[in-house]
Amino acid sequence: MNAHEIDYHIYGEEMQYVEIELDPQEGVVAEAGSFMMMDDGIKMETIFGDGSTKNKGFLGSILGAGKRILTGESLFMTAFYNDLFGKRKVSFASPYPGKIVPIDLTAYRGKFICQKDAFLCAAKGVSVGIEFSKRLGRGLFGGEGFIMQKLEGDGMAFVHAGGTLARRELQAGETLRVDTGCIVGFTQDVDYDIEFIGGIKNTIFGGEGLFFAKLQGPGTVYIQSLPFSRLAGRVLASAPRGGGKDKGEGSILGGLGDLLDGDNRF
């Protein structure tokens with residue numbers, strides 16, 4: 001084993017967190033800002049890149065950190081180590097409502113591909129790198145651009161999905177069409193491309209964008225019902241405008257008007 005063997009438990013339903021149990025000298029790496037709580041005796045250290053053996057040495061660390069810039073992430077990650085005797089626990093929280101997905105990389109032949117902001121934490125030794133798209137159409141219109149994240153190694157990793165999670169096992173040649181923003185991740189044998197929706201009415205009035213993501217098996221695919229971009233868009237759509245007041249505030253009916261009219265802002 002190159003990665004540390006860690007035990008874990010996921011708590012909660014809509015706003016989940018994962019509690020990781022570390023034996024002496026075991027460690028876990030996480031995205032900055034995902035930390036929730038930890039037992040006494042756990043040492044926290046900020047590191048370049050992911051701290052895996054793939055990025056050994058100063059130059060390797062710089063290259064690993066540089067790759068993270070390409071995925072839009074911070075230069076640094078945070079590592080947590082159990083420096084004492086006995087078991088210690090550290091917990092990491094979801095950034096927004098959804099599900100935490102445990103990924104056993106040994107079950108997927110050592111590699112899993114996910115969207116850029118899905119990674120939450122992983123056993124020390126798991127490599128968090130970049131996956132370049134080899135297709136121009138997928139890079140330009142695929143929603144995730146030319147670059148996705150890839151998790152490599154033989155340990156446990158945890159990714160986050162917004163809303164409700166769907167897991168699909170695709171057989172060889174089986175195709176699934178998905179909204180480009182709803183992809184959480186997929187195994188390395190899945191063929192990922194984009195497909196034009198087609199039709200004048202669909203394109204102009206459909207409201208679903210111009211392209212689907214086309215996923216073809218064999219392999220495992222994880223889909224989220226509420227991408228963060230969609231959640232943020234709806235929050236912005238309902239934000240007060242013109243002086244910071246809601247459209248019903250200050251009117252004669254006020255909140256009663258909303259009850260009668262319904263909430264049509266979405």
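Here is a short walk through the protein shown above, from model confidence to sheets, rings and cysteines.

Let's start with the ground rules. This is a predicted model, in which local features need pLDDT of at least 70 and side-chain atom pairs count only at pLDDT 80 or more, while totals for chains, interfaces and linings use all residues. Residues are numbered from 1 along each chain as its sequence is written, and side-chain values use heavy atoms, with hydrogens and water left out.

How far can you trust the coordinates? The pLDDT, which is the predictor's confidence in each residue on a scale from 0 to 100, averages 78 over the protein, and 69% of the residues score at least 70. Helices (H or I, at least four residues) and strands (E, at least two) are taken as DSSP runs, numbered from the N terminus. Among these elements, strand β2 (residues 17–22) has the highest mean pLDDT, 96, and helix α5 (residues 255–261) the lowest, 46. Over residues 259–263 the pLDDT is below 50, and this stretch has two contacts in the model beyond near neighbours in sequence; a contact means heavy atoms within 4.5 Å. Residues 141–145 also stay under 50, and for them the model has 14 contacts beyond four places in sequence. Where pLDDT is low, the predicted coordinates should not be read in detail.

Now to the strands, where two count as paired if DSSP finds at least two bridges between them. An open sheet of six strands runs in the order β5-β6-β3-β10-β13-β8, with antiparallel pairing. Its edge strands, β5 (42–48) and β8 (98–104), each pair on one side only. Neighbouring strands in this sheet are turned by 20° against each other on average, direction ignored, with axes being lines fitted to C-alpha atoms and angles running from 0 to 180 degrees between N-to-C directions. At one edge, β8 is joined to strand β13 (residues 156–162) by seven bridges in the antiparallel sense, and D104 has M156 of β13 as its bridge partner.

Another antiparallel pairing brings together β11 and strand β12 (residues 147–152) over six bridges, with E131 bridged to M148 in β12. Strand β11 (residues 127–132) is mostly covered, as five of its six residues are buried. Buried means under 20% relative accessible area, exposed over 50%, and partly exposed in between (1.4 Å probe, protein chains only).

The aromatic rings add links across the chain. Rings of Phe, Tyr and Trp (its six-membered ring) pair if their centres lie within 6.5 Å; planes under 30 degrees apart count as stacked, over 60 as edge-to-face and the rest as tilted. The count comes to seven aromatic pairs. One of them, Y8 with F158, is edge-to-face, at 5.0 Å centre to centre and 75° between the planes. It links strand β1 (residues 7–11) to strand β13, with the two residues 150 apart in sequence. Y8 is partly exposed at 36%, whereas F158 is buried at 0%. The rings of F35 and F80 are stacked because their planes lie at 15°, with centres 5.4 Å apart. F35 lies in strand β4 (residues 35–38) and F80 in strand β6 (residues 76–82), so this pair ties together parts 45 residues apart in sequence. F35 is partly exposed at 36%, while F80 is buried at 1%. Together with F92, F35 and F80 form one aromatic cluster.

Finally, the cysteines. With a disulfide defined as a pair of cysteine sulfur atoms within 2.5 Å, the count is zero. C121 is buried at 0% relative accessible area, and C182 is buried at 7%.
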